[in-house]
Amino acid sequence: MEIIRSIKEFGLKNKNQPIVLAIGMFDGVHLGHQQVLATTCHRSLQISGLAAAFTFPKHPASYLRPGKEPPLLMDASEKAEKLFDCGMKAVVMREFNREFSSVEAEDFVSFLKDRIPSLYGICVGKNFRFGKDRVGDSEFLKLKSEEIGINVEVIDSKVLDREAISSSRIRVALASGVIELVN
């Protein structure tokens, strides 16, 4: 179990093992995130590969809109620990910066594949957004990934009381003092 700060370093270190990568902010590692992570583990076992999570230590909004980012539900070390508890064998915790924020949606999958040559599959939640200005969505990710032979699995949102479980929903419940819902 290792936290790696460079996606390229991770790719070089694991170049001979097929990688299934869960991608997301994973703030709170809530039940919805856990579905994505469980699928990542399952797919990696099917191919004798390595399950890894790709995430950020701070919310991307802290770079894009400093001072207006949402409060985090857990710090980076707690998040990494929880990701490992959910079966991830590696966590790539990369800073969100100018280089990453400028990757166009059309180039995102190639950006990953160039840095992780053994990338076999990607697992994301249904509401996953990526690329410069967040123009890419999960369907676009599937399309671009298929073009270069990477499998993508999009996991539907986990629902509680007819509403999707999300970090934003948890933040609202916390702010309202509805701890039972948070739990």
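**An open sheet and two unusual loop residues**

In this predicted model, six strands form an open, parallel sheet in the order β1-β4-β3-β2-β5-β8. Strands here are DSSP runs of E with at least two residues, helices are runs of H or I with at least four, and both are numbered from the N terminus; two strands pair if DSSP finds at least two bridges between them. Because β1 (2-4) and β8 (151-155) stand at the edges with a single partner strand each, one side of each has no neighbour in the sheet. From one strand to the next, the twist averages 25 degrees.

The edge strand β1 runs parallel to β4 (residues 90-93), to which three bridges join it. Within this pair, I4 stands opposite V92 of β4. Helix α4 (residues 76-85) packs on the sheet and touches β1, β3 (50-55) and β4, contact meaning heavy atoms within 4.5 Å. The direction of α4 makes about 150 degrees with that of β4; axes are lines fitted to C-alpha atoms, for helices over the stretch in contact, and angles run from 0 to 180 degrees between N-to-C directions.

Most residues other than glycine have a negative phi. V29, in the loop between β2 (19-23) and α2 (31-46), has a positive phi of about 40 degrees. V29 is buried, at 1% relative accessible area. D133 lies in the loop between β6 (129-130) and β7 (136-137), and its phi is also positive, at about 60 degrees. D133 is exposed, at 66%. Buried means under 20% relative accessible area, exposed over 50%, and partly exposed in between (1.4 Å probe, protein chains only).

Residues are numbered from 1 along each chain as its sequence is written. Local features need pLDDT of at least 70, side-chain atom pairs count only at pLDDT 80 or more, and totals for chains, interfaces and linings use all residues, while side-chain values use heavy atoms, leaving out hydrogens and water.
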